[in-house]
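Biologist: Thanks for sitting down with me over this one. Could you walk me through it, a question at a time?

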Amino acid sequence: MEHESAAGEAEGRTRILVAVAWPYASGPRHIGHVAGFGVPSDIFARYHRLKGNDVLMVSGTDEHGTPIMVAADREGVSPAQLAQRFNGLIREDLERLGLSYDIFTRTTTRNHYRVTQDVFKTLYDKGFIVRQTMLGAFSESTGRTLPDRYIEGTCPNCGFSEARGDQCDHCGRQLDPTDLLEPRSRIDGSRPVFRETEHFFLDLPAFSERLSEWIGAQEHWRPNVRAFSANLVDELRPRAITRDLDWGVPIPLEAYDGLDDKRIYVWFDAVIGYLSAAVEWARNRGTPDAWREWWQDPSARHYYFMGKDNIVFHAVIWPSMLMGYGQGGEVGADRGELGLPHDIVSSEFLTMEGKKFSSSRGVAIYVNDFLSRYDPDPLRYFLTVAGPESQDTDFTWAEFVRRNNDELLANWGNLVNRTLASAYKNFGAVPEPGVLTDDDEALLQAVEAGFATVGSLIEAARFRAALVEAMQIAARANQYVSEQAPWAKLEADRARAGTILSVTLRAIDGLKVLLAPVLPFTSQLLHELLGYEGQLSGRVVSRDEVEEDGSAHAVLGGDYGAATGRWEPSQLPAGQRLQQPRPLYRKLDADEVVAGELARMERAAADGC
RNA sequence: GGCGGCGUAGCUCAGUUGGUUAGAGCAGCGGAAUCAUAAUCCGCGUGUCGGAGGUUCGAGUCCUCCCGCCGCUACCA
């Protein structure tokens with residue numbers, strides 16, 4: 001496909017924005033969350049970096065909104081304190097999983113407030129944000145907005161006593177909170193009061209034609225995303241983007257100066273994070289305009305990764321905001337239109353031993369808990385090969401152990417181990433190859449071909465197929481080793497045995513790169529065992545960033561530019577010293593893991609009730 | 001209710017514009033090998049492709065209806 005001449009490479013670089021959904025800082029994240037937005041986006045970003053493209057991968061914790069206030073109240077801390085704590089925990093989870101963000105920040109930074117207010121103000125000045133009065137529900141005790149879903153009562157239609165403010169789960173009827181008989185707050189049981197309140201509304205119908213045309217042209221989107229989005233555009237209504245709360249980005253209009261009871265709605269500011277994080281990243285590295293190369297250069301491509309429950313925000317609301325913002329505002333500064341999403345990669349949901357994840361019911365496997373007992377690559381492997389890429393899938397411990405032992409370890413781990421052990425013991429270095437036979441060439445060809453096939457599958461966001469393809473090449477190499485049986489030739493024809501091992505080492509050196517987007521930690525280990533120095537893909541680190549006002553916050557980032565890995569076949573030099581081999585993966589005891597983890601879940605469920 | 005999805009070998013699933021005898025992995029059975037974390041390799045799969053109609057020369061793949069499961073339904077994120 002690609003002709004990779006040294007000259008062609010520099011010109012062929014593409015700027016790619018990898019925009020990853022912002023985890024909500026109301027609690028620790030479970031493996032379903034990282035299955036949806038985390039691992040897929042990281043595979044994509046790592047691949048494009050190896051390929052030589054200019055990747056900017058941005059995200060952060062989403063820290064505003066009612067659920068955080070409710071959780072903070074429950075713990076007797078401020079929303080800021082609660083968000084601070086979970087930002088730290090989530091950051092740690094993502095770092096341990098090896099998610100290679102260029103910046104993972106948060107929505108409570110001064111920078112984010114400034115960018116959000118600029119977007120709001122610009123849309124307001126252009127007439128895309130309008131004021132409207134509506135009837136809102138309030139908690140009498142706190143004076144705050146009570147979102148529809150926090151209100152329950154008796155359904156006027158079927159009499160179900162636990163109907164929610166927006167919908168009755170019993171009869172399925174859509175409701176308005178004012179319809180409920182005996183309404184009460186799910187937070188403290190008090191009776192909500194309804195009163196007139198003025199809010200700002202995003203005029204979505206103003207964009208409906210452009211949206212419709214734009215979505216219609218996105219033939220490369222996953223069919224479910226496209227169909228769902230197209231359907232949404234047919235019935236757009238103006239949407240309230242402020243709330244009666246004191247936790248959120250303040251409304252940047254003079255009339256609201258100093259007023260503490262109305263803030264910008266969390267979703268409006270959360271999606272702006274994709275832009276504000278890029279601005280922050282550029283400033284932090286001392287090139288304050290560098291973000292424009294991704295956001296205001298039409299050749300840059302934007303890929304968004306999220307769970308399916310977020311499609312509406314990414315396919316309709318955020319694009320509307322971008323269209324409305326146009327050349328900007330203070331931030332945009334008339335330097336070009338902001339780019340629209342090129343692809344919206346939405347995944348389905350992961351269930352847990354057949355049940356939907358639910359923290360309150362103890363149906364959850366938290367990332368930090370998981371990684372305290374198991375390694376990140378087996379989890380990344382599982383979530384890629386058996387994750388909810390195109391339909392809901394189920395996580396079971398038995399299946400996790402099986403995938404680890406019988407696929408990852410047995411096929412790939414064993415191929416590496418048997419090859420390295422033999423080469424190390426008998427040669428200590430990469431053997432000098434003799435003349436290659438047709439079988440030797442065929443194996444090397446198969447690996448080389450993988451760079452095109454695996455690569456194009458990743459580019460199309462078909463991660464499962466890409467991984468299966470790479471694993472099939474590993475199986476092909478195992479087949480080659482068994483057929484050639486180098487161990488049987490060591491005595492009689494040591495040179496031929498050396499050639500076979502040299503060919504196999506080159507094959508696993510290539511496979512190491514093909515698998516690196518999915519398995520970065522063990523690819524790095526293998527890189528070192530093969531005698532290389534330095535980083536194959538770069539490392540993710542946490543560091544403090546200081547803002548203009550002197551306040552500091554931690555962000556996740558990395559220097560990936562120094563990495564030496566390239567998306568191309570092995571150049572493993574003969575004679576390179578090998579390191580003492582050690583296994584890439586641990587074999588797990590099925591009975592022990594399954595029994596232990598199920599017991600753990602039952603305890604958690606018991607605690608939750 | 002509306003929208004969308006799923007239902008394919010014992011299990012988990014591939015099958016992207018309809019086209020040769022419907023595939024993979026795992027489990028199972030037989031064999032080879034023993035370099036390797038008992039990890040590998042070879043051989044063995046007739047399953048009403050949820051059910052019923054229809055379109056077509058031809059449908060797992062399109063249309064209609066039905067059955068079962070699930071998700072979303074935008075002021076929780």
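Biologist: Which strand does His-302 lie in, and is His-302 buried or exposed?
Modeller: Keep in mind that this is a predicted model. His-302 belongs to strand S12, residues 301-307. Its relative accessible area is 1%, and since buried means under 20%, His-302 is buried.

Biologist: And what is His-302 in contact with, leaving aside its neighbours within four places in sequence?
Modeller: Several contacts come from the run Gly-339, Leu-340, Pro-341, His-342 and Asp-343. Leaving aside neighbours within four places in sequence, the other contacts of His-302 are Leu-17, Trp-294 and Trp-295.

Biologist: Let's turn to the core. Which residues have the most contacts inside the largest nonpolar core?
Modeller: In general, nonpolar side chains of soluble globular proteins tend to be buried together. Here the largest nonpolar core has 173 residues. Helix H8 supplies the largest share of this core, with 13 residues. The residues with the most contacts inside the core are Trp-295 and Trp-412.

Biologist: Which residues does Trp-295 touch, again leaving aside neighbours within four places in sequence?
Modeller: Trp-295 is in contact with Tyr-274, Leu-275 and Ala-278, which fall within the span of helix H8 (266-284). Its contacts also include Leu-17, His-302, Tyr-304, Trp-318 and Leu-322. The list is completed by Glu-337, Leu-338 and Gly-339.

Biologist: Helix H12 caught my eye. How many residues of H12 are buried?
Modeller: H12 covers residues 376-385. Its buried residues include Asp-377 and Arg-380 as well as Leu-379, Phe-382 and Leu-383. The helix is largely enclosed by the rest of the structure, because the buried count is ten of the ten residues.

Biologist: Now the empty space. What is the volume of the largest cavity, and which element gives the most to its lining?
Modeller: The structure holds five cavities of 30 Å³ or more, and the largest has a volume of about 120 Å³. Of the 16 residues that line this cavity, Ala-35, Pro-40, Leu-383, Glu-389 and Phe-463 are closest to its centre. H2, S13 and H12 each supply at least two lining residues. The element that gives the most, with five residues, is H2.

Biologist: How does that lining divide by class?
Modeller: Two residues of the lining of the largest cavity are charged and five are polar. The nonpolar residues number nine.

Biologist: What about the second largest pocket: which residues lie nearest its centre?
Modeller: This pocket holds about 790 Å³ of space. Among the elements that supply at least two lining residues each are helix H1 (6-12), helix H2 (31-50) and strand S17 (540-546). The 33 lining residues divide into eleven nonpolar, seven polar and 15 charged. Nearest the centre lie Arg-49, Asn-53, Asp-54, Tyr-560 and Gly-561.

Biologist: One for the backbone enthusiasts. Where is Glu-182, and what is its phi?
Modeller: Glu-182 sits in strand S7, residues 181-185. Since exposed means over 50%, its relative accessibility of 57% makes Glu-182 exposed. Its phi is positive in a residue other than glycine, near 55 degrees.

Biologist: And what is the phi of Asp-334?
Modeller: Asp-334 is found in the loop between helix H10 (311-325) and strand S13 (343-347). At 60% relative accessibility, Asp-334 counts as exposed. Although Asp-334 is not a glycine, its phi is positive, about 60 degrees.

Notes. Residues numbered from 1 in each chain as written. Chains lettered and ligands numbered in written order. Predicted model: local features only at pLDDT ≥ 70, side-chain atom pairs only at ≥ 80, totals over all residues. Heavy atoms only, no water. Helix = DSSP H or I, 4+ residues; strand = E, 2+ residues; numbered from the N terminus. Buried < 20%, exposed > 50% of the residue type's maximum accessible area, 1.4 Å probe, protein only. Contact = heavy atoms within 4.5 Å. 1 Å grid on protein atoms, 1.4 Å probe; cavity = no way out; pocket = protein on both sides within 12 Å on 5 of 7 lines; lining within 4 Å. Points joined across faces, edges and corners; volume = space filled by probe spheres on them. Nonpolar A, V, L, I, M, F, W, Y, C, P; charged D, E, K, R; others polar. Core = buried A, V, L, I, M, F, W, Y, C linked by side-chain atoms within 4.5 Å.
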